[in-house]
Protein chains: 2
Amino acid sequence: MRASDKAYATLREDIIEWRLAPGTVLAEVEQSERLGVSRTPVREALSRLSAEGLTTAAGGRGVVVTDISLDDIDEMFELRETLEGKAAALAAERGERTVFEQLHAALLRAPELISESDPARHEYYALVGRLDEAIDSAISNSYLAQAMRSLRVHLVRVRRLAADDSQRLNAAALEHAAIAEAIASGNAKLAEAATTLHLHRSLSHVKATHSPH
Amino acid sequence: MRASDKAYATLREDIIEWRLAPGTVLAEVEQSERLGVSRTPVREALSRLSAEGLTTAAGGRGVVVTDISLDDIDEMFELRETLEGKAAALAAERGERTVFEQLHAALLRAPELISESDPARHEYYALVGRLDEAIDSAISNSYLAQAMRSLRVHLVRVRRLAADDSQRLNAAALEHAAIAEAIASGNAKLAEAATTLHLHRSLSHVKATHSPH
DNA sequence: GGCAAGATCTATGTATACACAGGCGGAGAA
DNA sequence: TTCTCCGCCTGTGTATACATAGATCTTGCC
């Protein structure tokens with residue numbers, strides 16, 4: 001693994017997991033010492049992070065970790081609804097039925113994954129990730145897929161901000177199952193509607209459980 | 001101006017204007033000599049271009065200029081319709097009426113700009129650019145605006161591919177005027193419809209006038 | 001004669017030295 | 001005592017030397 005990849009992965013993880021608080025200044029020398037690599041790969045990592053929007057270049061004084069405000073969350077979900085709604089509709093038109101039927105079945109069994117004593121809910125989020133990937137691949141549109149991927153980075157940060165109570169996760173799993181079912185049935189309108197519903201519930205939950213800064 | 005900015009701007013322009021053909025390998029040393037800067041700023045420039053999708057890292061063999069296929073154009077317009085349709089609707093709801101009334105009036109006078117003997121149609125494209133900026137600013141959604149900006153880079157490349165005949169430009173100006181008018185009237189549905197119409201016409205024109213590779 | 005393996009070469013990946021700019025602190029004068 | 005100016009110092013911006021990996025070409029063997 002290249003040193004710049006390692007630096008990028010570490011910093012990205014630290015930001016997403018909120019170990020690096022918004023506003024934190026990431027100086028090149030400081031980070032290069034912390035990560036045990038030289039300034040060059042750190043520079044590249046910081047440049048990639050800034051391109052993604054996780055950090056912002058603060059003219060002359062290094063880069064700082066980007067903040068997420070309540071308004072940002074509203075904006076993100078507004079874009080997310082647009083992109084994922086369209087994606088679900090396209091997936092219903094173009095996707096392979098069997099793939100989404102299997103995901104639907106797996107999502108109905110999701111409560112088993114959530115009730116287990118896995119605090120990070122790794123298996124559950126991996127399953128939801130598989131649904132995302134299946135949609136990405138079904139839509140046959142790399143530009144749309146790319147736009148959703150860029151947005152997801154920020155959404156993971158928001159997810160970490162919200163409470164992962166099992167009640168909400170069980171409900172969310174059912175909503176995801178509904179999306180998968182609608183796509184499997186080939187009904188574009190229904191898939192879009194199921195996505196809209198899920199996103200509105202998610203946003204409400206985030207805003208209800210957390211009162212950011 | 002920083003050397004890396006200069007390298008980035010030059011390479012970006014060369015790619016967009018098709019002076020660097022798709023598939024061209026951009027070696028770091030070669031470009032650093034051509035641009036008169038060292039490898040470090042060239043690396044940063046290439047990394048930024050790859051993040052935008054104008055170049056692709058070709059494992060071990062430098063970066064190559066990205067190609068645009070007919071399928072790519074379809075995909076780009078599919079995403080564009082989703083994003084700009086939503087943006088037009090939001091602008092109608094949230095924008096300031098007077099701004100778009102002025103743009104509407106200016107766009108109705110666009111034929112004057114096009115008939116002049118300006119082969120690059122600078123003034124016309126600047127006016128359309130002002131409409132884009134007005135929408136970006138009216139929607140009050142930086143994530144959506146960012147997604148549209150990333151896409152526009154690629155769209156400019158496509159525009160250069162298509163024939164800029166004045167007949168199409170005059171029609172496009174009227175379509176843009178209709179969008180501005182709909183936004184000014186505050187009618188979200190109408191603004192979205194006008195955008196959809198314009199994009200379909202644009203896509204048809206691109207596909208009709210050009211038979212890429 | 002063809003295929004495979006190794007050496008060489010060329011390109012990127014990394015480290016580091018140097019240049020330079022912007023900010024902060026201290027000192028001097030009003 | 002306060003304001004201003006100068007110098008230092010810390011940070012990024014750039015250049016370059018060195019490490020390393022992958023590809024290609026050559027040579028030897030089958």
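A polar side-chain atom of R43(B) lies 2.9 Å from a phosphate oxygen of DNA strand C, a pair that falls under the definition of a polar contact (N or O atoms within 3.5 Å; within protein, one must be able to donate a hydrogen and the other to accept it, and residues adjacent in sequence count only if both atoms are side-chain atoms). The model is predicted, so that local features need pLDDT of at least 70 and side-chain atom pairs count only at pLDDT 80 or more, while totals for chains, interfaces and linings use all residues. Residues are numbered from 1 along each chain as its sequence is written, chains are lettered from A and ligands numbered from 1 in the order in which they are written, and side-chain values use heavy atoms, with hydrogens and water left out.

The surroundings of DNA strand C comprise 15 residues, of which R2(A), A3(A), S38(A), T40(A) and R43(B) come nearest; a residue is near a strand if one of its heavy atoms lies within 4 Å of it. Of the atoms of DNA strand C that come within 4 Å of the protein, 58% belong to sugar and phosphate. Base nitrogens of this strand are also approached: one lies 2.7 Å from a polar side-chain atom of T40(A), and a polar side-chain atom of R39(B) is 3.1 Å from a base nitrogen. At least two residues each are supplied to the surface near DNA strand C by α1 and α3 of chain A and by α2 (28–35) and α3 of chain B. The element that gives the most is α3(A), with three residues. Helices are DSSP runs (H or I, at least four residues), numbered from the N terminus. The surface near DNA strand C has six nonpolar, four polar and five charged residues, where Ala, Val, Leu, Ile, Met, Phe, Trp, Tyr, Cys and Pro count as nonpolar, Asp, Glu, Lys and Arg as charged, and the others, Gly among them, as polar.

Around DNA strand D there are 14 residues, the closest being R43(A), R2(B), A3(B), S38(B) and T40(B). Sugar and phosphate make up 58% of the atoms of DNA strand D that come within 4 Å of the protein. Phosphate oxygens of this strand are met by backbone atoms: a polar backbone atom of A3(B) is 2.4 Å from one, and a backbone N or O atom of E28(A) lies 3.0 Å from a phosphate oxygen. A base nitrogen of DNA strand D is 2.7 Å from an N or O atom in the side chain of T40(B). Two or more residues of the surface near this strand come from each of α2 (28–35) and α3 (39–52) of chain A and α1 (3–16) and α3 (39–52) of chain B. The largest share, three residues, is that of α3(B). By class, the surface near DNA strand D holds five nonpolar, four polar and five charged residues.

The two protein chains also meet each other. Chain B and chain A each bring 22 residues to the contact, contact meaning heavy atoms within 4.5 Å. About 1,900 Å² is buried between chain B and chain A, 53% of it on carbon and sulfur atoms; buried area is the accessible area (1.4 Å probe) that two parts lose on being put together, summed over both. In chain B, the residues that lose the most area to chain A are E75(B), E78(B) and Y143(B), which together account for 34% of what that side buries. Four salt bridges are found across the interface of chain B and chain A, a salt bridge being a side-chain nitrogen of Lys or Arg within 4 Å of a carboxyl oxygen of Asp or Glu. The side chains of E44(A) and R43(B) form a salt bridge, at 3.5 Å from N to O. Nine residue pairs across the interface of chain B and chain A are in polar contact, both residues at pLDDT 80 or more. On the side of chain B that touches chain A, two or more residues come from each of α3, α4 (70–94) and α8 (142–161) of chain B. Helix α4(B) gives the most to this side, with ten residues.

Within chain A, the domain assignment gives domain 1 (3–65) and domain 2 (70–209), the bounds coming from an automatic or database domain assignment. Between domain 1 of chain A and domain 2 of chain A, about 770 Å² is buried, 61% of it on carbon and sulfur atoms. I16(A), W18(A) and L54(A) supply 59% of the area that domain 1 of chain A buries against domain 2 of chain A, more than any other three residues. One salt bridge is counted between the two domains.
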